[in-house]
Amino acid sequence: MSAHPTHTNPTPGPGQQAVAAGMPGTRPEGLWAAVHDLATGAELWRHAIPPATAEDSPARPLLTADDLVLLTDAGDLVALPAHPAKAHIAGAEIEPVWRLTGQAPALRDARLIGGRLLWLPDLGHDQSQLVDSLTGVVLAFLPIDSSQAPVLLGSDLFARQDDGTLSCWDLGLGRLRWKVPGIARLAAAQAATAAATMIAPW
């Protein structure tokens, strides 16, 4: 099995788990994602994921701080509980906590930021969504097209677009604070200072 943990701890305790992705041929189901208890290695549950081609591998599942596993279900993005009530029943279907219809492709570039926020960029369409990872509620649409995860500091979101523009958005007021060009990569943000690596002029 080819395993890709997305949330691990070198000294696992009770209730901690890892999400692994299985590849074709390892089990009869084909492509699947499974949740394992890190303390015992026991498989808690598995979920079939849509098939992919050699050029387009499945998106890696995400494990949130609220113990939800984010993965694809047909064309949708869903959140499944890592410890569902029916996990002990063989063959029981795990009910999603929430579902975003048609958002399965967004998982490939999705990032978890600021504890409970899910960043879903729509590359090529100049917009991204901020989603509450616990409820699946879309909190904001931002005109940002970026494959790089933004940095959240309080209610300010610092994001670098793929054209090199760095912008600061006040999520509390829903407005753009400022925008500057020529940023190679957003490194960090602390207190009132956003630290970024600048593109050196030639």
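This report describes a sheet, two nonpolar cores and several salt bridges in a predicted model.

## The four-stranded sheet

Four strands form an open sheet in the order 4-5-6-7, and their pairing is antiparallel. Strand 4 (62-63) and strand 7 (98-100) lie at the edges, each pairing on one side only.

Strand 5 covers residues 68-73 and strand 6 covers residues 76-81; the two are antiparallel and share six bridges. Strand 4 and strand 5 also run antiparallel, joined by two bridges. Valine 69 takes part in both pairings: leucine 80 stands opposite valine 69 in strand 6, and valine 69 of strand 5 is the bridge partner of leucine 63. Another bridge pairs aspartate 73 with aspartate 76 of strand 6.

## Two hairpins

The hairpin of strand 4 and strand 5 has four residues between the strands, and aspartate 67 there has a positive phi near 70°. In the hairpin that strand 5 forms with strand 6, two residues lie between the strands. Alanine 74, in the turn of this second hairpin, has a positive phi of about 60°.

## Burial of strand 5 and the nonpolar cores

How much of strand 5 is buried? Five of its six residues are, so the strand is largely enclosed by the rest of the structure. The relevant cut-off for burial is a relative accessible area under 20%.

The largest nonpolar core has 14 residues, of which Leu70, Leu77, Trp98, Leu118 and Leu120 touch the most other members. Strand 5, strand 6, strand 7 and strand 9 (117-122) each give two or more residues to this core. A second core lies apart from it and has 12 residues, including Leu31, Val35, Leu63 and Ile94. In soluble globular proteins, nonpolar side chains tend to be buried together.

Which residues does leucine 70 contact, leaving aside its neighbours within four places in sequence? Leucine 70 is in contact with Pro61, Leu62 and Thr64, with Leu77, Val78 and Ala79, and with Trp98, Leu107, Leu112 and Leu118. Among these contacts, Leu77, Trp98 and Leu118 are also named with Leu70 as core members that touch the most others.

## Salt bridges

Seven salt bridges are found in the whole structure. Side chains of opposite charge can pair when their charged atoms come close.

Arginine 177 takes part in two of the salt bridges, with aspartate 156 and with aspartate 170. The N to O distance to aspartate 156 is 2.9 Å. Because arginine 177 belongs to strand 15 (residues 175-180) and aspartate 156 to strand 13 (residues 156-160), this pair ties together parts that are 21 residues apart in sequence. In the pair with aspartate 170, the closest N and O atoms are also 2.9 Å apart. Are the three residues buried or partly exposed? Arginine 177 has 39% relative accessibility and so counts as partly exposed. Aspartate 156 is buried, at 17%, and aspartate 170 is buried too, at 5%.

Glutamate 43 and arginine 46 form another salt bridge, with their closest N and O atoms 2.8 Å apart. Both partners count as partly exposed: glutamate 43 has 35% relative accessibility, and arginine 46 has 22%. Elsewhere, salt bridges link Asp66, Arg116 and Asp132 in a network.

How values were computed:
Residues numbered from 1 in each chain as written. Predicted model: local features only at pLDDT ≥ 70, side-chain atom pairs only at ≥ 80, totals over all residues. Heavy atoms only, no water. Pairing = 2+ DSSP bridges. Buried < 20%, exposed > 50% of the residue type's maximum accessible area, 1.4 Å probe, protein only. Core = buried A, V, L, I, M, F, W, Y, C linked by side-chain atoms within 4.5 Å. Contact = heavy atoms within 4.5 Å. Salt bridge = Lys/Arg side-chain N within 4 Å of Asp/Glu carboxyl O.
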